[in-house]
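Want to get to know a new structure by working through it yourself? Grab a pencil, keep the viewer open, and try each task before you read its solution.

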Amino acid sequence: MNNRVALILVAFLASGCDRVFGLHGAADGGTDAEPDGPLDPDAGPDGPCSPMTLLGDTFDVNSLPVNWPGSYTGNAADSFSVADGKVHLHVTSDSGYAIMDTPFYYDFRDQLFSMKFTDSGIAVDSVGGEVFRLTLTSAYRSASGINRTIVFLRYGDTIIAQASNDAGSPQTIGQKTYDPNDDAYVRFGVQGDSAVFDTSPNGTDWTNVGSVAYDHMDLVHPTFEVRHVTGDWEVELDEIMGGVPVGTVCDIDSLHDGFDAPVLASTWASSSFSPLSTVDLDNQDVHIHTADATGTFADNYFKAAKPYDLREGEVFFEMAQGVMPDPNKAFQLVIDGFGHNIVMQTVNGDLKIAYTQGAPATSTTLYDQVFDPANKWWKIGHTGNTTAFSIGPNGKDWTRLVTNSTIQAQLAASVYWRVYSASTADDVRIDNVNIAQP
């Protein structure tokens, strides 16, 4: 393995999936069923898979690495931490910020996001008066390309909830002067055909602050932010979503899409470090275009938005068009368990399989051979305590390359495809995610 290839692989395995992904498609598209089917066909009596209630937390233990692995701060002195049964977001200067972020979207239909909320009570800067913001970004995208949001703000002495419309303009759901006793708990979201905002002194007795007509919220990505303050400021959060996690992670076998619909369904996400890199649906393939990155780099992702359970399941797909052989380019299928990652990739004409896990994280290469592009179907499967990696020419006839019994089972993993380039532009096309071939 040459040094450039090694750097690409090691840098990726050491990195987290710490960016907010943009969602594709209309609200009624589906990827957890047939392309034109319902959003969650495997929903049982307890509701859809991967619901927002999975984030229920009392912070008796530090769950940030599991539920919020994308969290970050603006300055070295800023911090987020778990202590005394709370999560603390601490900002030390005007330019600082602390952000709790999750890489996932969760099913939020007919739910209210609830939490216990307190802050340090220091006088707020009259110029930059925003102290705390919780943003719920919906997978729903309007015809004008806008993703709806519902936002809770502590701004000066006011708490306010807003919901954006299809044009991206905020509508006030309700607002009031903040009382740390009466408003110790807040909840907001969409019920029926209204967005609502309530507060409570104890998490049981709720008072409605306001509501507005609002007709949709499906998959939602939550982000907590503390910023724009004078001096030290700390916000404490507790009892998120009632404090107790409820629901099940989507089974990986429920994710399948042949990309035959006219638009990408809303549960697919994409992200890029280059504004010229794109992900779109083209001729019934997902077209991942990575821009010319000569002298720099371009990094493009296509991602299943919700967390998936990889135990006793498999993910496979067709690489309809692969990356050109180049030591400065890579195409990857990634199962990211945040602390234990699996990467199956082509680099410079070779197929490489590696995983990383443990603390401190260590990377292990399982396979490194010349890649025959005729084997355009790739598969990662997990049975018992064995993870198997296979390739094939047609989605029916598989050659098992390697197995491993030490990779941890992926209970709530992020599944995505990545194209990296530090040279010329390139295009990759994928199709038939978990679509069995006759």
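Here are some exercises with worked solutions, based on a predicted model.

**Exercise 1: The open sheet**

Task: Work out in which order the seven strands of the open sheet lie, and which strands sit at its edges.

Solution.
- Step 1. Walk across the sheet from one side to the other. You should read off β19-β20-β32-β23-β28-β29-β30, with antiparallel pairing.
- Step 2. Look for strands that pair on one side only. These are β19 (278–282) and β30 (399–404), the edge strands.
- Step 3. Check how the neighbours are turned. Ignoring direction, neighbouring strands of this sheet make an angle of 25° with each other on average.
- Step 4. Zoom in on one pair. Strand β20 (residues 285–290) and strand β32 (residues 426–431) run antiparallel and are joined by five bridges. Within that pair, Val286 has Ile430 of β32 opposite.
- Step 5. Step back to the link between β19 and β20. Gln284 sits in that loop, and its phi is near 65°, a positive value although the residue is not glycine. That's worth a second look, because most residues other than glycine have a negative phi. Gln284 is partly exposed, at 44% relative accessible area.

**Exercise 2: The disulfide**

Task: Find out how many disulfides the whole structure has, and which parts of the chain are tied together.

Solution.
- Step 1. Search the whole structure, and one disulfide turns up. A disulfide is a covalent bond between the sulfur atoms of two cysteines.
- Step 2. Name the partners: Cys49 and Cys250, with 2.1 Å from S to S.
- Step 3. Place them on the chain. Cys49 is in the loop between β1 (22–23) and α2 (64–67), while Cys250 is in strand β17 (residues 250–251), so the pair ties together parts that are 201 residues apart in sequence.
- Step 4. Get the handedness. The torsion about the S-S bond of Cys49 and Cys250 is about 80°, so this disulfide is right-handed.
- Step 5. Buried or exposed? Buried means under 20% relative accessible area. Cys49, at 3%, counts as buried, and Cys250, at 0%, is buried too.
- Step 6. While you're here, look at the loop between β16 (233–238) and β17, where Glu239 lies. Phi of Glu239 is near 50°, a positive value in a residue that isn't glycine. Glu239 is partly exposed, with 27% relative accessible area.

**Exercise 3: An enclosed strand**

Task: Explain why strand β18 (residues 268–272) can be called largely enclosed.

Solution.
- Step 1. Check the burial of the strand's five residues. Four of them are buried, so β18 is largely enclosed by the rest of the structure.
- Step 2. Find a pairing partner. β18 pairs with strand β21 (residues 298–304) in the antiparallel sense, over five bridges.
- Step 3. Pick out a bridge: Ser272 has Asn300 in β21 as its partner.

**Exercise 4: Salt bridges**

Task: Find out how many salt bridges the structure holds, then follow three of them.

Solution.
- Step 1. The count comes to 12 salt bridges. Side chains of opposite charge can pair when their charged atoms come close.
- Step 2. Start with Asp107 and Arg109, whose closest N and O atoms are 2.5 Å apart. Asp107 is buried, at 0% relative accessible area, whereas Arg109 is partly exposed, at 33%.
- Step 3. Go on to Lys379 and Glu314, which meet in a salt bridge at 3.9 Å, N to O. This pair links distant parts of the chain, 65 residues apart: Lys379 in strand β28 and Glu314 in strand β23 (residues 314–321). Lys379 is buried at 15%, and Glu314 is partly exposed at 28%.
- Step 4. Stay on β28 (residues 377–383) for a moment, as His382 lies there too. His382 is buried, at 8% relative accessible area. The His382 side chain reaches the backbone oxygen of Gly384 at 3.4 Å.
- Step 5. Finish with Asp350 and Lys352, whose closest N and O atoms are 3.7 Å apart in their salt bridge. Asp350 is partly exposed at 21%, and Lys352 counts as buried at 3%. Salt bridges with shared partners join Asp350, Lys352 and Asp368 into one network.

Definitions and conventions:
Residues are numbered from 1 along each chain as its sequence is written. This is a predicted model: local features need pLDDT of at least 70, side-chain atom pairs count only at pLDDT 80 or more; totals for chains, interfaces and linings use all residues. Side-chain values use heavy atoms; hydrogens and water are left out. Two strands pair if DSSP finds at least two bridges between them. Helices (H or I, at least four residues) and strands (E, at least two) are DSSP runs, numbered from the N terminus. Axes are lines fitted to C-alpha atoms, for helices over the stretch in contact, and angles run from 0 to 180 degrees between N-to-C directions. A disulfide is a pair of cysteine sulfur atoms within 2.5 Å. Buried means under 20% relative accessible area, exposed over 50%, partly exposed in between (1.4 Å probe, protein chains only). A polar contact is a pair of N or O atoms within 3.5 Å; within protein, one must be able to donate a hydrogen and the other to accept it, and residues adjacent in sequence count only if both atoms are side-chain atoms. A salt bridge is a side-chain nitrogen of Lys or Arg within 4 Å of a carboxyl oxygen of Asp or Glu.
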